[in-house]
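This report describes one residue and its surroundings, and then turns to pairs of charged side chains.

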Amino acid sequence: MVAGASAPASFVLAGVFPVAARAEHGPDVAIGSAVDSVLGAPPVAVVTGACGGIGGEVAYGLIEEGFEVVCACRTVAQSQATAKRLGSGAIALEVPCDLADLRSVKAYAEALLERGSQQDPERGSVEVLILAAGVIGPSLSVGRTAQGHELNFGVNHLGHFQLVRSLLPALRASEGVPGSSSGARVISVSSTAALDVPNPF
């Protein structure tokens with residue numbers, strides 16, 4: 001991921017907020033604030049890779065829109081530092097989200113679900129899940145995840161798949177972003193760097 005990539009981040013945010021939402025509330029109204037006025041609580045967005053790059057830019061943009069952003073980073077220290085940098089509206093759990101370890105991902109999701117049920121038993125939902133973390137590079141192919149998978153594939157795909165699967169209860173509980181009829185939104189961020197990896201087939 002490219003640090004400070006605000007242009008790609010704007011494309012990700014455009015996927016979060018459909019045109020209908022802007023038409024309904026106007027270009028100057030924060031979408032999260034509109035959700036807050038209906039639900040009585042700010043909508044929740046979870047962002048992997050929020051500690052930098054596109055993930056960091058997206059996290060900042062979501063906070064600007066009135067969302068409560070959960071910073072899902074590889075270590076607790078990274079999550080805490082990111083939440084402190086982003087300021088009010090950013091949350092860091094006391095659990096790491098290491099995408100190279102499926103057990104860590106599952107434990108993180110369970111902690112997030114527990115937090116949601118404690119704070120809002122009636123809702124406990126996640127409105128937006130942004131999968132922005134990732135690694136890329138042929139040199140990483142020699143690395144392995146905790147479960148023995150090739151590192152690029154394990155982090156970029158298997159880890160995120162486990163996170164989405166584990167957060168399904170919270171995603172299904174969502175009433176969605178205004179202007180969208182599809183409920184919660186899950187957006188997976190890719191990278192053109194993948195085109196530089198030789199095709200082994």
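## Thr-48 and the salt bridges

The backbone nitrogen of Ala-132 lies 2.9 Å from a polar atom of the Thr-48 side chain, where a polar contact is a pair of N or O atoms within 3.5 Å, one able to donate a hydrogen and the other to accept it, and residues adjacent in sequence count only if both atoms are side-chain atoms. This is a predicted model, in which local features need pLDDT of at least 70 and side-chain atom pairs count only at pLDDT 80 or more, while totals for chains, interfaces and linings use all residues. Residues are numbered from 1 along each chain as its sequence is written, and side-chain values use heavy atoms, with hydrogens and water left out.

Thr-48 belongs to strand β1 (residues 44-48); strands are DSSP runs of E with at least two residues, and helices are runs of H or I with at least four, numbered from the N terminus. Thr-48 has a relative accessible area of 1% and is buried. Buried means under 20%, exposed over 50%, and partly exposed in between, with a 1.4 Å probe and protein chains only. Beyond its neighbours within four places in sequence, Thr-48 is in contact with residues including Gly-55, Ala-72, His-160 and Leu-163, contact meaning heavy atoms within 4.5 Å.

There are two salt bridges, each a side-chain nitrogen of Lys or Arg within 4 Å of a carboxyl oxygen of Asp or Glu.

| Salt bridge | Distance, N to O |
|---|---|
| Glu-68 and Arg-115 | 3.4 Å |
| Arg-103 and Asp-101 | 3.3 Å |

Glu-68 is in strand β2 (residues 68-72) and Arg-115 in helix α6 (residues 102-119), so this pair ties together parts 47 residues apart in sequence. Glu-68 is buried at 16% relative accessibility. Arg-103 is exposed at 57%, whereas Asp-101 is buried at 16%.
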